[in-house]
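Open the model in your viewer and set it to cartoon. Keep the selection tool at hand for the stops below.

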Amino acid sequence: MKVFNVLPPDAWKTLLSRYSHIVLVANSEAVDFQRLRSELPHTALYVFFNKVYKVLDEPFSGHSVLVARSGVMGANIVHRREVADVLRFFGGDDFLGVVNIRISVEENFSEESHFEGAKARHLDLTQMLADLYPIGKIATSGFAVALWLADLQLPGKILLAGFSAKRSEKWKVFDVHDWTFEQIFLRLFARMGSISMMGGVDASPYSALAKRFPEVPPIEIAMAAAEVLSERLDNTNSQIDRLMSVTKFIRAVDNFFRRFKPKTRKQRFLEKSKE
């Protein structure tokens with residue numbers, strides 16, 4: 001029988017209340033480590049996610065914890081054999097260990113023994129997001145952990161670093177997540193004072209509009225902005241339709257050769273689990 005280290009909310013609050021700041025570090029080019037380390041005290045806890053070698057070039061010195069997201073085969077870094085590659089950036093008494101999280105009911109935990117000696121705790125966030133997140137999409141690890149931390153009502157400040165939700169040549173933005181919903185939610189949280197955001201979030205131009213037109217109600221400014229954005233989106237969709245038409249032959253060739261691609265370990269695992 002598998003045994004997982006699932007802590008109650010009070011235990012999590014006790015563990016995390018010792019830190020003045022809880023800093024969630026996104027795997028993003030928008031993360032400014034030099035600014036973070038210079039502006040925050042040594043009592044800050046840095047929360048990293050999954051493939052930390054995307055943002056770290058050397059072992060991290062400071063209070064830290066690694067969040068490992070689960071998939072159907074267990075923690076992703078476990079079944080992809082990346083545990084050693086990730087954990088080499090952490091060590092010492094300042095490293096709290098691994099928090100293996102699951103966000104959807106299809107995801108499964110990995111046992112502590114699979115994390116190569118690192119202390120592992122397990123966190124189930126499926127119920128928290130069940131009636132909140134848009135149907136058909138899956139929350140990102142950063143969004144889920146930010147919401148969970150806010151609900152714990154810790155004495156320390158929660159800071160999101162590099163949560164830009166922007167695609168670049170280096171960073172993927174997967175369509176399985178609802179990036180628009182998450183950005184709206186997080187920015188509302190920031191305006192309420194529940195969290196703070198650093199990097200990846202520009203100052204709102206609509207605040208400047210409100211100052212320029214103080215006689216115009218905020219709802220009217222929002223309606224005008226929505227009208228313009230709707231028109232621009234319609235124009236973009238027209239161009240996408242043209243692009244889809246032009247690339248029809250290329251996509252047909254790509255789909256043909258994809259049929260000969262060997263099945264992944266995940267596909268074989270899912271097929272076997274259905275037998």
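The tour runs from the whole chain to the cores, the cavity, the aromatic rings and one glycine.

**Whole chain**

This is a predicted model. Colour by secondary structure: the protein chain has eleven helices and eight strands. Now colour by burial. Buried residues account for 39% of the 275 residues in the chain. Contacts reach far along the sequence too. Of those between residues at least 6 apart, 64% join residues at least 24 apart.

**The largest nonpolar core**

Select Leu16, Ile22, Leu24, Trp148 and Leu149. The largest nonpolar core has 38 residues, and these five touch the most other members. Next, show the elements that give two or more residues to this core. The helices are H1 (9-16), H6 (141-152) and H7 (179-192). The strands are E1 (21-25), E2 (44-49), E3 (63-71), E5 (95-102) and E7 (157-161). Which element gives the largest share? Helix H6 does, with nine residues.

Stay in this core and centre on Leu24. Leaving aside residues up to four places away in sequence, Leu24 touches Val47 and Phe49. Leu24 also touches Gly142, Val145, Ala146 and Leu149. Its list of contacts ends with Ile158, Leu159, Leu160, Ala161 and Phe163.

Apart from the largest core lies another, of 31 residues. Select some of its members: Tyr46, Phe60, Phe90 and Leu159 are among them. In general, nonpolar side chains in soluble globular proteins tend to be buried together.

**The cavity**

How many cavities of 30 Å³ or more are there? The count is one. The volume of this largest cavity is about 130 Å³. Select Trp12, Leu16, Val65, Val99 and Trp148: of the 15 lining residues, these are the closest to the cavity centre. Elements that give two or more residues to the lining are H1, E2, E3, E5, strand E6 (120-124) and H6. Colour the lining by residue type. You should find 14 nonpolar residues, one charged and no polar. Two of the residues closest to the centre, Leu16 and Trp148, are also among those with the most contacts to other members of the largest core.

**The aromatic rings**

Show the rings as sticks. The structure holds 15 aromatic pairs. Go to Phe48 and Phe60, an edge-to-face pair. Their centres are 5.0 Å apart, with 70 degrees between the planes. Phe48 sits in strand E2 and Phe60 in the loop between E2 and E3, so the pair ties together parts twelve residues apart in sequence. Both Phe48 and Phe60 are buried.

Move on to Phe90 and Phe95. This pair is stacked, at 4.9 Å centre to centre and 10 degrees between the planes. Are these two rings buried or exposed? Phe90 has 10% relative accessibility, so it counts as buried. Phe95 has 16%, so it counts as buried too; the cut-off is under 20%.

Now select Phe33, Tyr46, Phe48, Phe60, Phe90 and Phe95 together. Ring pairs link these residues into a cluster.

**Last stop: Gly74**

Select Gly74, in strand E4 (residues 74-75). At 1% relative accessibility, Gly74 counts as buried. Show its surroundings: beyond residues up to four places away in sequence, Gly74 touches Arg69, His79, Asn108, Phe109 and Ser110. Finish by drawing a distance from Gly74 to Arg102, C-alpha to C-alpha. The two are 8.9 Å apart in space and 28 residues apart in sequence.

Notes:
Residues are numbered from 1 along each chain as its sequence is written. This is a predicted model: local features need pLDDT of at least 70, side-chain atom pairs count only at pLDDT 80 or more; totals for chains, interfaces and linings use all residues. Side-chain values use heavy atoms; hydrogens and water are left out. A nonpolar core is a set of buried Ala, Val, Leu, Ile, Met, Phe, Trp, Tyr and Cys residues joined through side-chain atoms within 4.5 Å. Buried means under 20% relative accessible area, exposed over 50%, partly exposed in between (1.4 Å probe, protein chains only). Helices (H or I, at least four residues) and strands (E, at least two) are DSSP runs, numbered from the N terminus. Contact means heavy atoms within 4.5 Å. On a 1 Å grid over the protein atoms alone, a cavity is a set of points where a 1.4 Å probe fits but cannot get out, and a pocket is an open set with protein on both sides within 12 Å along at least five of seven lines; lining residues have an atom within 4 Å of a point. Grid points are joined across faces, edges and corners, and a volume is the space filled by probe spheres set on the points. Ala, Val, Leu, Ile, Met, Phe, Trp, Tyr, Cys and Pro count as nonpolar, Asp, Glu, Lys and Arg as charged, and the others, Gly among them, as polar. Rings of Phe, Tyr and Trp (its six-membered ring) pair if their centres lie within 6.5 Å; planes under 30 degrees apart count as stacked, over 60 as edge-to-face and the rest as tilted.
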